[in-house]
Amino acid sequence: MSQPPVTKAMSPANPVGPAYRPGAQKPTATVSTAIKYDNVHILPQSPQLIALLTSVRIGKILIQRDEDTTKPRLFYEKLPEDIAERWVLLLDPMFATGGSATMAVDVLKSKGVPEDRILFLNVIASPEGITRFADRFPGLRVVTAFVDQCLDDKKYVRNGPPEQPG
Ligand SMILES: O=P(O)(O)OC[C@H]1O[C@H](OP(=O)(O)OP(=O)(O)O)[C@H](O)[C@@H]1O
Ligand SMILES: O=c1cc[nH]c(=O)[nH]1
């Protein structure tokens, strides 16, 4: 399979996408329930596309960041048996210290997934997390929507979603 069209986010000095400016931008999305068919592009239903979509497998890794130490703890993982032969999209909306994502990538690598076949898809990243990740996994690509200014005093991304109870 050829390389997917993604860009490397390798350094906080050269982030991909707009840097987050508090007060100036908020990461919002609007999803309309009223579909205007004129604007919908239906992909051709080629056998190749259907085969691609139905071949996707979902794996799970449960990692929780300890709120006091900020260190991640691995609780559970269940991954496709043939994961070493696949491209992996690693999904987590928040990328703060990078500890949780690093642990997840270590799990994937321990299953034989090469670094350059992992794409980490993320919503808000900290410069600290990106730097740490890029040093440790130079072959791995990160695709993010926002690069925050810096971590706060709890080592949280500053503009993350409000904390949920529970
Ligand atoms: O880059 P890090 O410093 O490791 O922090 C980022 C992690 O923290 C958040 O999860 P958290 O463990 O807080 O779980 P929860 O919010 O789903 O309870 C987030 O979803 C990441 O997994
Ligand atoms: O930035 C972070 C990291 C962990 N948990 C959060 O709620 N925010």
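User: Which residue puts a backbone N or O atom 2.7 Å from an oxygen atom of ligand 2?

Analyst: Quick heads-up: this is a predicted model, where local features need pLDDT of at least 70, side-chain atom pairs count only at pLDDT 80 or more, and totals for chains, interfaces and linings use all residues. Side-chain values use heavy atoms, with hydrogens and water left out. Ligand 2 is surrounded by Arg65, Met94, Ala96, Tyr156 and Val157 (near means a heavy atom within 4 Å). The one whose backbone sits 2.7 Å from a ligand 2 oxygen, a polar contact (N or O atoms within 3.5 Å), is Val157.

User: How much of ligand 2 does the protein bury?

Analyst: By class, the shell around ligand 2 has four nonpolar, no polar and one charged residues (Ala, Val, Leu, Ile, Met, Phe, Trp, Tyr, Cys and Pro count as nonpolar, Asp, Glu, Lys and Arg as charged, the others, Gly among them, as polar). Taken alone, ligand 2 exposes 240 Å² (Shrake-Rupley, 1.4 Å probe). Of that, the protein buries 77%.

User: And ligand 1: what share of its accessible area is covered by the protein?

Analyst: Start with the side chains: Gln64 has an N or O atom 2.8 Å from an oxygen atom of ligand 1. Thr97 brings a polar side-chain atom to 2.6 Å from a ligand 1 oxygen, and Ser100 does so at 2.6 Å too. On its own ligand 1 has 510 Å² of accessible area, and the protein's share of cover is 71%.

User: Which helix supplies at least two residues of the shell around ligand 1?

Analyst: That shell divides into three nonpolar, five polar and two charged residues. Strand 1 (60-65) and strand 4 (94-95) each supply at least two of them (strands are DSSP E runs of at least two residues, helices H or I runs of at least four). The helix that also does so is helix 2 (99-110).

User: Phe95 is in the ligand 1 shell; what kind of aromatic pair does Phe95 form with Phe120?

Analyst: Both residues are buried (under 20% relative accessible area). Their rings are 5.0 Å centre to centre (pairs need centres within 6.5 Å), with 85 degrees between the planes. Planes over 60 degrees apart give the label, so this pair is edge-to-face.

User: How many residues apart in sequence are the parts that Phe95 and Phe133 tie together?

Analyst: Phe95 and Phe133 have ring centres 5.0 Å apart and planes at 75 degrees, so they are edge-to-face as well. Phe95, Phe120, Phe133 and Phe137 form one aromatic cluster. Phe95 lies in strand 4 and Phe133 in helix 3 (residues 127-136), so the separation in residues is 38.

Key. Residues numbered from 1 in each chain as written. Chains lettered and ligands numbered in written order. Polar contact = N/O pair within 3.5 Å; in protein donor to acceptor, adjacent residues only side chain to side chain. Phe/Tyr/Trp six-rings, centres within 6.5 Å; stacked < 30°, edge-to-face > 60°. Buried < 20%, exposed > 50% of the residue type's maximum accessible area, 1.4 Å probe, protein only.
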